[in-house]
Amino acid sequence: MRLLHQASPWRSLFHEDGALNTSAVNAPLEQLFSKLFSTLSSPQTSLADAYAWQLPLVETLAHYDLPAWRISQIISDHNALLYRHAIAQSLDEMQAQGWGAPPVDYCVLLLGSAARFESLLGPDQDNALIIDNYPDYRHVEIDGYFQALGERFTQRLDEAGIPLCRGHVMARWPMWRKRLGEWQAQLEIWSADRQVKRVQQTNILLDFAPVAGNSALAVQLAESIASILPKASLFMDEMMALLDELPVALDRFGRLASSPGLDAPHEQAINLKQQALLPLISAARLLCLRHGLDEIATRDRLIALSHSKTALTPAESALLVAAFERLQQRLLDQQRYSKALGQAADGWVDLRRLREDERLLLKFDLQQIKRLSSAAQGGV
């Protein structure tokens, strides 16, 4: 009995005499969180130490049998906390150096998986900055302030262990740091035709969530997206066509297969991020945009689409939600395994670690994603 109790915190809820033993369940988390709060409240706060705390948290949550899609939300919440601390520290530093307070309202946005609250282990940075409208003659003054802020908080996050985006999707660059009116004008330009690069950039922007500053600016940006993009027919056509660039990990015979262009680490490796999650995420995003749904998280999008008469049936939605949850679980399990071996946490999954039933279920999930992608391209 004692060995069973030690193996699962939930089996420790009751003492042998029947009394509640909630401390046995709470103790691992209490120890972790006391360490985090002591780190963040210290005058010599180390964001690197706070970020390093994340892996023990994930291991503890896995011990509680929490599903990966829930753990990914908590990872995302923790990363958002690190963002807020990095931004606050940068603002304090700028104040001490004579920059003063922010000259106008602003809003820092999380982009990508962080905005969808689907981060797993080892994400890089994807962020943007909305600056409240100001007259052109103040551009050097005001944009210079926010350029300095963007450079400082992204550098702090990089030093903490969340690396700079290799694609330069960060508030430190002018492309991703604009006045609200400029963002609205940018959307008009990007959606005016079907240029691939513009659609790709817009796809990045479509998944955003405010993390610091005035969130009302993010609400106004969302309203602009909803009013501009669905009516841009050429843009929507190219958005559909780009789904062809995200094939699922199935060969023409319906067998599990990695794409030869993805530089697989070995023959039995599949990049579940590139060849499963991204096609699912992209198709769900496109369908929600087409049907006027404003959900951001993939799971929420799939559920919302089941409420639309022409998008997904409840049965189709349920299969896709289950597929999404299983993909998150397989990827997180592989990342935890890789980290335990001192390796990088990436999007690759080793098929040799899957049982036969797990392989069959993965193939089934990929088939559902392929159908969703075809439905999104067909406009049904």
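Q: How many salt bridges does a search of the whole structure find?
A: Side chains of opposite charge can pair when their charged atoms come close. In this predicted model, a search of the whole structure for such pairs gives a total of 18 salt bridges.

Q: Which residue forms a salt bridge with E93, and in which helix does that partner lie?
A: The closest N and O atoms of E93 and R152 are 2.7 Å apart, and the two residues form a salt bridge. E93 belongs to helix α5 (residues 68-96), so its pairing ties together parts that are 59 residues apart in sequence, the partner being R152 in helix α6 (residues 139-160).

Q: Is D207, which forms a salt bridge with R116, buried or exposed?
A: R116 and D207 have their closest N and O atoms 2.8 Å apart. R116 lies in the loop between β1 (106-111) and β2 (127-131), while D207 lies in the loop between α8 (196-206) and β4 (208-213), so the pair ties together parts that are 91 residues apart in sequence. Buried means under 20% relative accessible area, and D207, at 1% relative accessibility, therefore counts as buried.

Q: Which residues are joined into one network by salt bridges that share partners?
A: D207 also forms a salt bridge with R285, the closest N and O atoms being 2.9 Å apart. This pair links distant parts of the chain, 78 residues apart, with R285 placed in helix α11 (residues 272-290). Through shared partners, salt bridges join into one network the residues R116, E118, D207, R285 and R301.

Notes:
Residues are numbered from 1 along each chain as its sequence is written. This is a predicted model: local features need pLDDT of at least 70, side-chain atom pairs count only at pLDDT 80 or more; totals for chains, interfaces and linings use all residues. Side-chain values use heavy atoms; hydrogens and water are left out. A salt bridge is a side-chain nitrogen of Lys or Arg within 4 Å of a carboxyl oxygen of Asp or Glu. Helices (H or I, at least four residues) and strands (E, at least two) are DSSP runs, numbered from the N terminus. Buried means under 20% relative accessible area, exposed over 50%, partly exposed in between (1.4 Å probe, protein chains only).
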